[in-house]
Each structure stands twice: as C-alpha cells, then as structure tokens.
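Q: I would like a careful look at one part of this structure, with its surroundings explained step by step.
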Amino acid sequence: MPIEVTMPALSPTMEEGKLAKWMKKEGDAINAGDVIAEIETDKATMEVEAVDEGVLGKIIVNEGTSGVKVNSVIGLLLEDGEDKSVLNNYEIKDPGNDNSSASNEVEETSNSASKQQEQNAPASKPVQAPVVQAQKTSAPKIQTVTANFDNSDIKASPVAKKMAEQNSIDLSSIKGSGPKGRIVKEDLEEFLRYGSSGDVIRRNPNEFDTFENSMMRQTIAKRLLESKQQVPHFYLNVECEIDALLDIRRQINDLAPKSEDGKPLYKISVNDLIIKASALALKEIPDANASWYDDAIVKYNNVDISVAVATEGGLITPIIFNADQKSVKQISSEMKKLASLARANKLKPEQYQGGGFSISNLGMFGVKTFSAIINPPQSCIMAVGAGEERIIAKNGQPKVANVVSITLSVDHRSVDGAVGAQFLQSFKKFVENPAGLLV
C-alpha cells in the first residue's frame, strides 16, 4: 500500500505552506532522512526529510504551489515490491473530510489532546486574539501598450506613424525633417538608432510588472493589519545623546584582537549596544516586558528581544534570548549570525517565534524618526532613528552633540503611559552612561 507524504507543520502556527521545490523526482529511491522537498513558510524556506523509505511513485502537488494545507498529501511513496499500478485505484484521503475514518481518528485525537490541555492549563493561559480577515484584492493584469499617444493629427508619413505606434512614441515631441516639417521614416529611424534627444517622450510598453506575494509577505500584511486594527497604539518619544556611546564603541573595537590576516575578530555596532541597553532597561522596568491576551496580561520573566531584519522577502524578527545576561560581544556575534540566516531564509522557527519586546532600527538608512507597528502579542516596539550632530544647550552654553531620536510604540491595554515613560527613562540612562552596559 502506498505511503502518503504529507505537508508537515514546520511551526506551531503554520496552517499552510508553499511547496517551493521537489528535491526528488518520480521514480527516485528514497531513504529515511533524505531531503525530498523545500517548503516555504511565512518566515523561511525549510528542508523536509523523508521519514519512510521507498520509491517516489507520484508527485501530487507540483512545485511552486501555494496554499497547501498542513497534513494534505503532497506525494506517494511505493513500498518495496510495489509498482505504479497500485496507484491507479488509490484514493487519497482528504484531511478536512469528516467522512474519512482517518480524519475522524485525527480529529478525535486532537480533541482529546485539547481537552487534556484545558484541564492542565493555568487560569491565566494566553488566548490568541481573533483574526481579522482583510478584504482580498487581486493585482491588475499586465497591460502592453501599443500606442498611448494620439498621433492621428500629427503631420507624418504613414510609415512613420506605424513605426511610432509599434514603438510607443509620441510624434508630437519629434521635429520632422520632411516638407513643411512633416515627420518621415528617417526621423523615426534616427530616433530609434540614437535614442531620445531633447524632450522626446517614449513610454515603456509594459505599464507595470506584477510580483506574486510570497507566504512571508502575505503573513506580514495580515499581521500588520491585525495590529493596527486591534491594538490601541500610543507613542512616546525621547532624544538621547550618544557621544559617550560612540566613544565606548570605538574603544571596544580598537581593543579587539586581530586574526592572522590582520582583521579584527569582532566589531561592535551601535545597534548591539542599543539591544543591550534595551535589555537592561526591561530588567529594571519589567512591566514593559509584557503581552496582552483577552483573559490575562502576561509579564515575561526572561528578557528576549526581537530585532527587525530586512530581507528580500520582507521583515523578520530573530530573537536575542536572555539579552540582559549576555555581553555586548556575545550579542554582536549572535546578531550577525541571525541576520545572515534570516537573509538566506534559513532561520528555524524557534529562532524567530516568541520574544517579549521588539527593536526596529532604520538609522543606517538616514531616517531621523519614525513610528513602528507593534508585533502582537508583544506590547512594545522601539523605533531607532539616525544619529545626527545638533547644537544643544548644556549648562547654559551651546554644545555640539550627536543625538538620536527614539520612538516607543506601546499597546495601551497592557502597558500604561507611565510604564512606557519609565522604560525610556531607564533606556536613556544606559545609552548616555554606557559604562553600565559593560558591567
């Protein structure tokens, strides 16, 4: 009897995925542990290993297919001694069909497990907020322009008008060389040969390009929409002098040991120091390290900080766990590894799921200040802008200082304004007195 290969649940929240690529083809021998396919989830592309052995008899779901539900059959393995003839009358069970005995068995097991979890769960067990369904809109179809200009009243030869239509050229912007300024074939040939000159207008025949939304981009869109619709955001802003922070960063990097080729073994960034300062501030103000659920406010006993990383597919937030207990050098090394994995779509679910507080830093792009959207169920996200030199008053005297703008977005249901202000006060203290980050 053929063995069903199903879409695996690669994370606790995964409901469907995209079969990005088959690593085996029909007729290939499969051993337990072989990588048979790559699955694209909402956050990463992950390899799927075979748990049984046999021959890949049939591929049910073609590569590139999106919206494949968890536990649905994606392929069939033939056991030893079987050939493709056994597939002719084989009926694939639908995991969502209540009439399937196998499905009933799965559902009964699931219900039994759920009841057991409810009996064992504490009173303050977090409950996920309901999902808001966004109105779906479809991308427009690509339009190819044959002529977007009215050349009918332009003095031009029929051949010139035909060439203009085929190449989407506005004849009104071309000076003709024929009798009484008439545009002739040679004028169009010269334009096409040497390109645009002066104010000649030429449209791209493809009005736009359409790119299919990846699973990651769809999930980002859904969660951001939920956050803005369901979370009552409020915003707090503080400005920090970072001259001392920049100075201590320079000292740390200058003292870094060198490898055999003369390169430093580590290089601390401003963002690494900001992560550490945030972690110590959360340790001082634990009420800011919280999440809102319908039946309870959850306050975390560990300081786990999610850090936004821009990837080709969208934003992802790998986590620095127990950031308050790690040295700046450890945070720097770990952050570089996580960012590299994120950009290569290699993060494991446990490396980006969870966290109690988020940081988004756009300072390296020259953005002075911005307000970030909260990443539910977290209650806070801190937006870090670019440092810039400003003239400030110090003891009644003007002084030039490097200043950075920090904006904290807060969920008012779980974190009050005073708590958010206390957190920023503590954060500012660590940034402006950075020796405390090294203790």
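Is lysine 180 buried or exposed, and what is its relative accessible area?

A: Lysine 180 is exposed in this predicted model, because its relative accessible area is 81% and a residue counts as exposed when that value is over 50%. As for its place in the chain, lysine 180 is found in the loop between α2 and α3, the latter covering residues 185-194. Its backbone deserves attention as well, since the phi of lysine 180 is near 55 degrees, which is a positive value in a residue other than glycine.

To understand the surroundings of this loop, it helps to turn to the helix on one side of it. Helix α2 consists of residues 158-166, and its buried residues are Ala160, Met163 and Ala164. When one looks down the axis of α2, these buried residues fall within an arc of 100 degrees, and so they line one face of the helix. On the other side of α2 the picture is the opposite one, for Pro158 and Gln166 are exposed there. Just after α2 comes serine 168, which takes a positive phi of about 55 degrees.

Lysine 180 can also be set beside a residue elsewhere in the chain. Asparagine 395 has a positive phi of about 55 degrees although it is not a glycine, and it lies in the loop between β18 (388-394) and β19 (397-411). Asparagine 395 counts as exposed because its relative accessibility is 77%.

Other loops offer further points for study. Asparagine 301 is found in the loop between β11 (296-299) and β12 (305-307), and with a relative accessibility of 78% asparagine 301 counts as exposed. The C-alpha atom of asparagine 301 is separated by 9.8 Å from that of asparagine 322, a residue 21 positions away along the chain. A backbone feature of another kind appears where a cis peptide bond, with an omega of about 5 degrees, joins proline 376 and proline 377; proline 377 has its place in the loop between β16 (357-361) and β17 (380-384).

Finally, glutamate 79 gives an intermediate case of accessibility, as it counts as partly exposed at 35% relative accessibility. Glutamate 79 sits in the loop between β8 (73-78) and α1 (101-120), and together with Asp52, Glu53 and Asp80 it gathers in a patch of negative charge on the surface.

Methods
Residues are numbered from 1 along each chain as its sequence is written. This is a predicted model: local features need pLDDT of at least 70, side-chain atom pairs count only at pLDDT 80 or more; totals for chains, interfaces and linings use all residues. Side-chain values use heavy atoms; hydrogens and water are left out. Patches are made of residues with over 30% relative accessible area and no salt bridge: like charges are joined within 9 Å, nonpolar side chains (Val, Leu, Ile, Met, Phe, Trp, Tyr) within 5 Å. Accessible areas come from the Shrake-Rupley method with a 1.4 Å probe; for residues, only the protein chains shown count as cover. A salt bridge is a side-chain nitrogen of Lys or Arg within 4 Å of a carboxyl oxygen of Asp or Glu. Lys and Arg count as positive and Asp and Glu as negative; His and the chain ends are not counted. The place of a charge is taken as NZ of Lys, CZ of Arg, CG of Asp or CD of Glu. Helices (H or I, at least four residues) and strands (E, at least two) are DSSP runs, numbered from the N terminus. Buried means under 20% relative accessible area, exposed over 50%, partly exposed in between (1.4 Å probe, protein chains only). The arc is that of the directions from the helix axis to the C-beta atoms.
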